[in-house]
Number of protein chains: 2
Amino acid sequence: MNDFDRTDALETPAALVDVDRMRANLRRAAEYCRTYDLGWRPHVKTHKTPELAAEQLRAGAKGITVATPREAEVMAGVADDILLAYPPFGASKLARLMDLPEKVRLTVGLDSEEALRALGSAAREAGRDVAVLVELDMGMGRVGVQSPEGAVILAQLAADAGLEYRGVMFYPGHVRDHVDGQGPAIQAVSDRLGSFLEALDRAGLPPAVVSGGSTPTFWRSHEVFGLNEVRPGTNLFNDRTTALIGACEWDECAYSILATVVSTSVPGQAVIDAGSKALAKEEVRAEGGGYGALLDRPEVVVKSVSEEHGILDLSGTDWRPRVGARVRVVPNHVCVSVNLQDRLWGVRGDEVVAEWEVAGRGRIPLAGRR
Amino acid sequence: MNDFDRTDALETPAALVDVDRMRANLRRAAEYCRTYDLGWRPHVKTHKTPELAAEQLRAGAKGITVATPREAEVMAGVADDILLAYPPFGASKLARLMDLPEKVRLTVGLDSEEALRALGSAAREAGRDVAVLVELDMGMGRVGVQSPEGAVILAQLAADAGLEYRGVMFYPGHVRDHVDGQGPAIQAVSDRLGSFLEALDRAGLPPAVVSGGSTPTFWRSHEVFGLNEVRPGTNLFNDRTTALIGACEWDECAYSILATVVSTSVPGQAVIDAGSKALAKEEVRAEGGGYGALLDRPEVVVKSVSEEHGILDLSGTDWRPRVGARVRVVPNHVCVSVNLQDRLWGVRGDEVVAEWEVAGRGRIPLAGRR
């Protein structure tokens, strides 16, 4: 690898992480969780980088959340308490989970008898203790058990299947727009959750863990009655969507894509070398449109992207960059942008202070890596 | 790696390539180009896989088109005529291009004096012959010289900069909707191109190469006066968008994501383990909505995606998959889905016949690979 010490020397597009902002975001999250006595189990799908998971654990995280076997394998090097927040199906995924180092306390979230029985068989055969959280639908309508009775049945089945029933989880992904006006939506989650917890209590299955939380709802997690664990991912870095919906300040955005202006041929715009294969192409679910905005000039929006091009809309600014100029773009959704990177560069201003491989990216078993 | 012989054994999500369909797509493209005497220079950004570039070259491609230094490095193992269709900026990118094997005939597309001079300096220092194509804007409004005079100036500057002026290129990405009604749009491109070619001829700079073409316009490339090279990428695999706009048949879609149904908790839908990190999340610019459709049931659409989940809309079908069932999803845009894969599996029906690493993915220099 090259020796870098300034961002000027980086090839673009490059993913930059402002380490001071990231650590401030970390500290704020940790402090909030301490204040309200919430277990903090950050979702590492946002960064997929073991060094950053290690920072979260040092800052007070009780464990981590992962999305894939690959993430679990990579993170097992730094974490010994891992929640896989997705039901694993198929012999290959189950085998990879059972092959995690013994010291890893593995918990899996699921919402079906099929997933539970398959996991139970794999755990029994492997002689491994595995715990489960029953996933509940708190109104998002994606996955999760629909009724309190359904939750009780799955919790009861867990023991039959040779698994430890540890509690429940949900993802309030539907509560995200207009953070300031979220009160009623948070209350609805709280009420609905209450009816599930009550049924589980009545059945003699009180959950030890009640895990929820997302970045948009993060700072109101303490308003959800019964919640004792949160799993935010994005708020380590934040992104344009998080800022636009009011769940962070713009200057708390720690992640950006360093890009070069490669064409100014067409008047009123400038084309950069970061498109859907660097920023991703996710529409923003908030006013503003486009696919990202400049870190130092948030009024300049990436109005469209193709694979290797992003088009900066210059209609609202007098700024006119020259070909060859460099900019930093905050993408709409940081998690999918990180997933497009080989590595992240830790920076402090224009100084490069760290290089991290995005080792949890992809699907290939760590052992079989080529 | 594991030994696979059936798709049943693959871990999901997995990217499948129907090798017979792919080869039929290849043959049709090659035959069209032969019929109309068009040079065929497929864009490998679609597959990023050297084995597939080699197939294209064996089928009659005159060379390949690449988007990144990484693609150029990886493809140099199989191709000796490479067009980088994007202007390279920065010392690192230029050095990587100059370090390509000597046997590679390198051409670069660009639209600015800045790009031209930087490339010229690098070529001179490296003692390498590099050719350029002047990129023209044929109405898309993304990049490209705006006027015939501008094209003449850049072509003249090329020689001063120590580069070989080889011709012109453009990308008609604005001509894509309603392929059957494209006549006027194709005619407009043809007319506009004519005025550029005339000016270059008058200046004594007739282009040897006039390179255009995209997948949506592919089959009408012969209607563009003066065009002698085409650079389609997508039509090796096709995708849902290509089918929806009428530029291919549904049964010419050669690429799909094998996914597992992981939850059927919410009535009227089924959740699969392929979301924006496997299919990508690009809205379709055609009727139908959603982010993909089932290969064998195109009426079943992936109505929404989150990172590791896709939601199948079952409202228009009686089909009710069980948890654990497997499906194949054709994504809206194949190029960005491939870019999310570590590898592609060549299949014939349910049989796995090939495994290809997506070696051109990412940005890290091939030599510095970890």
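Here is a chat between a visitor and a guide about a predicted model with chains A and B.

Visitor: What makes chain A count as compact as a globular protein of its length?

Guide: Start with the parts: chain A has nine helices and 17 strands. Its radius of gyration is 22 Å, and the globule rule gives 21 Å for 370 residues, so chain A is as compact as a globular protein of that length. Along its principal axes, the C-alpha trace spans about 65 × 50 × 35 Å.

Visitor: How much of chain A is buried, and how do you know?

Guide: A residue is called buried if 20 or more other C-beta atoms lie within 10 Å of its own. Buried residues make up 55% of the 370 in chain A. There's also a number for contacts: of those in chain A with a separation of 6 or more, 67% are between residues 24 or more positions apart.

Visitor: What makes Gly60(B) partly exposed?

Guide: Count the neighbours. Buried needs 20 or more, exposed needs 12 or fewer, and partly exposed is in between. Gly60(B) has 15 C-beta neighbours inside 10 Å, so it counts as partly exposed. You'll find Gly60(B) in the loop between α2 (50-58) and β3 (64-66) of chain B. Leaving out residues up to four places away in sequence, Gly60(B) touches Ala30(B), Arg34(B) and Trp40(B).

Visitor: How far is Gly60(B) from Asp313(B)?

Guide: C-alpha to C-alpha, the two are 42 Å apart in space, and they are 253 residues apart in sequence.

Visitor: And Asp313(B), which residue stands opposite it?

Guide: That's Gln269(B), which faces Asp313(B) in β14(B).

Visitor: How do you know that β11 and β14 of chain B pair?

Guide: Two strands pair if there are at least two bridges between them. Strands β11 (residues 269-272) and β14 (residues 310-313) of chain B have four bridges, in the antiparallel sense, so they pass the test. β14(B) has another antiparallel partner, β13 (residues 302-305) of chain B, joined by three bridges. There, Val302(B) stands opposite Leu312(B). A hairpin of four residues links β13(B) to β14(B).

Visitor: Back in chain A, why are β2 and β3 called edge strands?

Guide: Look at the order of the open sheet of eight strands: β2-β9-β8-β7-β6-β5-β4-β3 of chain A, with parallel pairing. Both β2 (39-40) and β3 (64-66) pair on one side only, and that is what earns them the name. In general, strands of a sheet pair through backbone hydrogen bonds, either parallel or antiparallel.

Visitor: What makes β2(A) and β9(A) a pair?

Guide: The cut-off is at least two bridges. β2(A) and β9(A) (residues 229-230) have two, in the parallel sense, so they count as a pair. Gly39(A) stands opposite Glu229(A) in β9(A).

Visitor: Why is β6(A) described as mostly covered?

Guide: Strand β6 (residues 130-135) of chain A has six residues, and five of them are buried. β6(A) runs parallel to β5 (residues 105-110) of chain A, with five bridges joining the two. One matched pair is Leu110(A), whose bridge partner in β6(A) is Val134(A).

Visitor: Which domains does chain A have?

Guide: The domain assignment gives domain 1 (20-238) and domain 2 (242-357). Their C-alpha centres lie 31 Å apart. In terms of contact, 24 residues of domain 1 of chain A meet 18 residues of domain 2 of chain A. On the domain 1 side, α1 (19-35) and α2 (50-58) of chain A each give two or more residues. α1(A) gives the most, with four. By class, that side has six nonpolar, ten polar and eight charged residues.

Visitor: How do you know that a two-fold axis relates chains A and B?

Guide: A rotation of 180° with 0.0 Å of shift along its axis superposes chain B on chain A, with an RMSD of 0.0 Å. That is the relation of a two-fold axis. The same surface serves both copies, as 100% of the contact residues of chain B recur in chain A.

Visitor: What makes up the side of chain B that touches chain A?

Guide: There are 51 residues of chain B in contact with 51 of chain A. On the chain B side, α4 (91-98), α5 (113-126), β10 (255-263) and α9 (334-338) each supply at least two residues. β10(B) gives the most, with three. By class, that side has 16 nonpolar, 18 polar and 17 charged residues.

Key:
Residues numbered from 1 in each chain as written. Chains lettered and ligands numbered in written order. Predicted model: local features only at pLDDT ≥ 70, side-chain atom pairs only at ≥ 80, totals over all residues. Rg over C-alpha atoms; globule rule 2.2 N^0.38 Å. Contact = placed C-beta atoms within 7 Å. Least-squares fit on C-alpha atoms with pLDDT ≥ 70 in both. Domains from an automatic or database assignment. Nonpolar A, V, L, I, M, F, W, Y, C, P; charged D, E, K, R; others polar.
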